[in-house]
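I sat down with a new structure today and kept notes as I went. Here is what I looked up, in the order I looked.

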Amino acid sequence: MKLACSECGTPAADDAMFCAACAGLLAFETFAAPPGTSLDRDRIADRRRSSDPRDRSGVWRYRELLPPIPFEEIVTLREGDVPLYEGPRGAEYAGMRRLAYLHLGMNPTASFKDGGMTVAVSRAAATGARVAICASTGNTSASLAAYAARAGIHAVVLVPSTGISAAKVAQTLDYGATVVAIDGDFDAALVTVRAMDPQRVAIVNSVNPYRIEGQKSAAFVMLEQRNWRVPDWVVVPGGNLGNTTALGKGFREALALGWIDRLPRLAVVQAAGAAPFVHAQRSGGDLVPVVAQTSATAIKIGAPASWRKARAELAALGGTALDVDDAEIGDARAIVGRDGVGCEPASAATLAGLKRLIADGTIAPSDDVVLILTGHVLKDGAYAAHYHESGAPFANRILRGVDPSEVIERLSAPA
Ligand code: F0G
C-alpha cells in the first residue's frame, strides 16, 4: 500500500509522519484488490469463528485492507468487534421511526480509539520503537497506554492539566503510562507532539495514517452486522476529525471492492464552542482555528488536524457538518442512557445533531440512520452525576427518605 501526502500528492517515505514537501498529513492510498482478484467479504467476516484473537479482532480480521505488518508483531486486545444496538428512545426523541447506535465505546479501553491504536502500536512495535507519544483529551491517552503496555513499549501522554475527565486520566495511569499535564489545551499539546522527531518517538495521534487505517474498519463491522445493507446516513461526532476521515475511507473502500452498491451520507456534529470545521464548511474557505470551549471535553478541539481530509470525505459521501450546543448534548446523552446503552457526552452530539437534521428536513423520519457512539458512559461519570443533580429535563433524581414499598406500589400501578 502506497503512502503519499493527502494534500500535494508527493509520495512519502515509509517511515515519514508528515509530507517532506509541504508538511501535510500523509495517507495510504484507497485500497483496491489487485487486478484479477477479489476479496470475499463473507469469508473475511467468517474469521470471527476462529479462536485466534487476530481473527476475532474487528480490525485485524480485515488485514488484507491494512498496511502490511508481520502477523506475529500484531498487538491486539480483541478490539473492533462492537455491537450495533437499536435505539427506540433515541429514535422517538429525534423524531425518527427507528435508528441504531454503533457503540465503539464497547472497545477494550471503552472508546473508538482502540480500532486505530492497535494498528499504530503494532506498527511502532514492528519498527522497534521504544517510546510512543500522543496529545489527548483523554481517550487516545487511555488507548495508547493499554496497547503500549501490551507491546512492552513506553507510553507518554500529553493532556491538558484541567478540563478533561478524571476517569480517563486514572485509566491511563492504571495502564502504566507517563502522564504529562500541560499548561494549555489539546491544541497546544498536539503542536508539541507534532514538533517531535518521528525517528525518536512514535507519534500515535490520528495524524499517524496507521490510526486512520485501523479506524476505518468500524465501517466494515457496521456493514457486516447489517448484512451489508447500506444506511442512508451515518452520524459521527467531530473533534480532530480523524474518525470522520477513517469512516469515509472505509465506506469508499467497501464500495470499490464491490462489497456495497452505494455510499451512505455522512453527518459530522461538533460542539458549538468547538466548531471550526462547521464554520469552514459553511464558508467554503480554509479552517480558522478557535479557542475551543465545551463541556463535552473529548471534542474540545479548536484546530482539528484532519480537517482537509474530512472535507474531502464529506465531498465524496455527500455529507454535511453542523453544531449543537452543550445543553442539547447533555439531554441527548441522557436519552441514549434511557435506551439502556449510554455513552459519554461527545458521543451524544450525534443524537442531538440528528434531532436538528430531522427538524430542518435534511434527514427524513423514515431514513435508515446509524449514530456512531465513540465512548462508554463510564468514561465521564462526573458529567453524568452532575446532569442528574442539575434538574435538567431528563435528569433522574436519587430519592432519599422514602419507603421502598411505596415506590414499588407506585411503579406497579397501571399507567
Ligand atoms: N468522541 C470521543 C469520545 C473522543 O474522545 C474524540 C476524540 C472524538 C469523539 C472526536 O474524534 O478527533 O477523530 O474527530 N478524542 C481525542 C482524544 C482527541 O484525545 O481522546 P476525532
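My notes start with the whole chain and then go through the sheets and helices.

**Entry 1: the whole chain**
First a reminder to myself: this is a predicted model. I counted up the secondary structure and got 16 helices and twelve strands for the protein chain. Next I checked the overall size. The C-alpha atoms fill a box of roughly 70 × 50 × 50 Å along the principal axes. The radius of gyration is 21 Å, and a compact globule of 415 residues would have one near 22 Å, so the chain agrees with that.

**Entry 2: the sheet of six**
I went to the sheet with six strands. It is open, its order is 3-4-12-9-10-11, and the pairing is mixed. Which strands stand at the edges? They are strand 3 (84-86) and strand 11 (320-324); each has a single partner strand, so one side of each is left without a neighbour in the sheet. I also looked up the twist, which averages 25 degrees from one strand to the next.

Then I picked one pair from this sheet. Strand 4 (residues 100-103) and strand 12 (residues 369-373) run parallel, and four bridges join them. As an example, H103 has L373 in strand 12 as its bridge partner.

What packs on this sheet? I noted two helices here.
- Helix 12 (residues 307-317) touches strand 10 (265-271) and strand 11, and its direction makes about 140 degrees with that of strand 10.
- Helix 14 (residues 345-359) touches strand 9 (233-237), strand 10, strand 11 and strand 12, and its direction makes about 105 degrees with that of strand 11.

**Entry 3: the sheet of four**
On to another open sheet, this one with four strands in the order 7-6-5-8 and parallel pairing. Strand 7 (178-182) and strand 8 (202-203) are the edge strands, and each of them pairs on one side only. I followed strand 8 to its partner: strand 5 (residues 131-135) pairs with strand 8 in the parallel sense over two bridges. Here I133 stands opposite I203 of strand 8.

Helix 5 lies across strand 5 and strand 6 (154-160). The helix runs at about 170 degrees to strand 6.

**Entry 4: helix 4 against helix 5**
I stayed with helix 5 and looked at a helix that packs with it. At what angle do helix 4 (residues 113-126) and helix 5 (residues 139-151) pack? The angle is about 40 degrees, with the axes 9 Å apart. The two helices are therefore oblique to each other, and their crossing is right-handed.

I wrote down who makes the contact. Helix 4 brings K113, D114, M117, T118, V121 and A125. From helix 5 come N139, T140, S143, L144, Y147, A148 and A151. Sorted by class, that contact has seven nonpolar, four polar and two charged residues.

**Entry 5: helix 9 against helix 10**
My last stop was another helix pair. The axes of helix 9 (residues 217-225) and helix 10 (residues 242-256) come within 7 Å and cross at roughly 55 degrees. Helix 9 and helix 10 are therefore oblique to each other.

On the helix 9 side, the contact is made by A218, A219, F220, M222 and L223. Helix 10 answers with L247, G250, F251, E253 and A254. By class I have eight nonpolar residues, one polar and one charged for this contact.

Terms used: Residues are numbered from 1 along each chain as its sequence is written. This is a predicted model: local features need pLDDT of at least 70, side-chain atom pairs count only at pLDDT 80 or more; totals for chains, interfaces and linings use all residues. Side-chain values use heavy atoms; hydrogens and water are left out. Two strands pair if DSSP finds at least two bridges between them. Axes are lines fitted to C-alpha atoms, for helices over the stretch in contact, and angles run from 0 to 180 degrees between N-to-C directions. Contact means heavy atoms within 4.5 Å. Angles under 35 degrees count as roughly parallel, over 145 as roughly antiparallel, 65 to 115 as roughly perpendicular and the rest as oblique. A crossing is left-handed if the near helix is turned anticlockwise from the far one by less than a right angle, and right-handed if clockwise. Ala, Val, Leu, Ile, Met, Phe, Trp, Tyr, Cys and Pro count as nonpolar, Asp, Glu, Lys and Arg as charged, and the others, Gly among them, as polar. The radius of gyration is taken over C-alpha atoms; the globule rule is 2.2 Å times the number of residues to the power 0.38.
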